[in-house]
Amino acid sequence: MSPRISIPLGPGRLFDGSPPPVLDPAGPYAGSITLLSWVLFAIAALVLAVVGTALWIAFFGKARTRQRLGGTMVVWAGGIVFPVVVLTALLVWGLSLTASLSAGKGDVADLRVRVTGEMWWWRVAYLDPRGDVIAWDANELHVPAGRTVLVELESGDVIHSFWVPRLSGKVDMIPGRRNFVKIQADRPGVYSGQCAEYCGGPHALMGFVVVAHEPAEFSRLLAHMAAVSREPKGGIAAEGQRLFDSAGCSACHRIAGTGANGLAGPDLTFVGRRRTLGAGILPNNRGTMMGWIGDSQAIKPGNRMPAYRVLSADHLQSLAAYLEQQK
Ligand code: CUA
């Protein structure tokens, strides 16, 4: 059973483990997809009504009406001309919309980021205009509201699909290839996403969060992330830092400004600031952090982090305290 949890996602909205809303666009790219969806739905409903009526007439109509319905002109107009015109128009609309969303490399955007699909989490890199990495993060993407963000999509292992339904369309992350998708949130808020391509084991628990900020606030945040430095802290967090190295956490996880340089698992440099743990599936607090480290296999079966059942509650407490400070 997947965990049922509630995470505030902005005004009147909770992330409760259910799929993100798909017909509630929060930006221009998602908006144009939603419009196309409704037009497709309306045309399909109209065709169903017309065909249903024609069928009814064919069975139960008066002989004269049936004869008129079977006339050559009706067959040509309704059976050939109408489908050809409507389907061609929809095809052209759909293709041009797709092209406008999956922008090319030279496209102008206010921010460029790279998101890499991993089994079963998301590696996030903020890029400068030349394409060099400014800061690393995982499972949470911060963006400026009202600005176009160009997301480069890659995969570290198998095919995943990046999907934040309220901000844009769904685009595959394919090993050895780089795809692009433009996203935009009109207003500050938190928008949930989900891996949309079956990628094995805990695929359904491969969630994602996009946080849109006022542009000035976002600039401050990015500057902070780019210039991060770590001071050794006192108290139980210091004990946590010692455990982080001795228990082997640093073999898979990186914390910028410390000796922890592992790349196999999510970057933990800013884990204390994230809304969720386990890639979008748990709210982030002291208790869930302790539970996740102690036995993540019970929470997200099949994920690649081993359970650390040997750690005592005190040890888990210290580790969680240390990780909480990583902001
Ligand atoms: Cu990654 Cu499904």
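**Exercise 1. Which residue in strand 5 does Ala 125 stand opposite?**

Before starting, note that this is a predicted model, where local features need pLDDT of at least 70, side-chain atom pairs count only at pLDDT 80 or more, and totals for chains, interfaces and linings use all residues. Residues are numbered from 1 along each chain as its sequence is written, and side-chain values use heavy atoms, leaving out hydrogens and water.

*Solution.*
- Step 1: Find the strands, which are DSSP runs of E with at least two residues, while helices are runs of H or I with at least four, both numbered from the N terminus. Strand 5 covers residues 133-138, and strand 4 covers residues 121-127.
- Step 2: Check the pairing, which requires at least two DSSP bridges between two strands. Strands 4 and 5 run antiparallel and are joined by five bridges.
- Step 3: Read off the partner: Ala 125 stands opposite Trp 136. In a similar way, Val 124 stands opposite Asp 137.
- Step 4: Look at the turn. Five residues lie between the two strands of this hairpin, and Gly 131 in the turn has a positive phi of about 95°.

**Exercise 2. Work out where the side chains of strand 4 point, and whether its residues are buried or exposed.**

*Solution.*
- Step 1: Recall a general pattern: side chains in a regular strand alternate between the two faces of the sheet.
- Step 2: Sort the residues. Trp 121, Arg 123, Ala 125 and Leu 127 point one way, whereas Trp 122, Val 124 and Tyr 126 point the other way.
- Step 3: Apply the cut-offs: buried is under 20% relative accessible area, exposed is over 50%, and partly exposed is in between (1.4 Å probe, protein chains only). Seven of the seven residues in strand 4 turn out to be buried.

**Exercise 3. Place strand 4 in its sheet: what is the order of the five strands?**

*Solution.*
- Step 1: Start with the other neighbour of strand 4. Strand 3 (residues 111-118) pairs with strand 4 in the antiparallel sense over seven bridges, and a hairpin of two residues joins them. One bridge partner pair is Arg 112 with Leu 127.
- Step 2: Write the order: the open sheet runs 5-4-3-7-10, with mixed pairing.
- Step 3: Find the edges. Strand 5 and strand 10 (179-183) each have a single partner strand, so one side of each lacks a neighbour in the sheet.
- Step 4: Add the helix. Helix 4 (residues 215-226) packs on the sheet, touching strand 3, strand 4 and strand 5. Contact here means heavy atoms within 4.5 Å. The direction of helix 4 makes about 95° with that of strand 5; axes are lines fitted to C-alpha atoms, for helices over the stretch in contact, and angles run from 0 to 180 degrees between N-to-C directions.

**Exercise 4. Find the salt-bridge partners of Arg 112 and Asp 137.**

*Solution.*
- Step 1: Use the cut-off: a side-chain nitrogen of Lys or Arg within 4 Å of a carboxyl oxygen of Asp or Glu. The whole structure has 16 salt bridges.
- Step 2: Arg 112 pairs with Glu 152, with the closest N and O atoms 2.3 Å apart. Arg 112 lies in strand 3 and Glu 152 in strand 7 (residues 149-155), so this pair ties together parts 40 residues apart in sequence. Both Arg 112 and Glu 152 are buried.
- Step 3: Asp 137 pairs with Arg 273, at 3.3 Å between the closest N and O atoms. Asp 137 and Arg 273 are both buried as well.
- Step 4: Widen the view: Arg 112, Arg 114, Glu 152, Glu 154 and Arg 178 are linked in a salt-bridge network.
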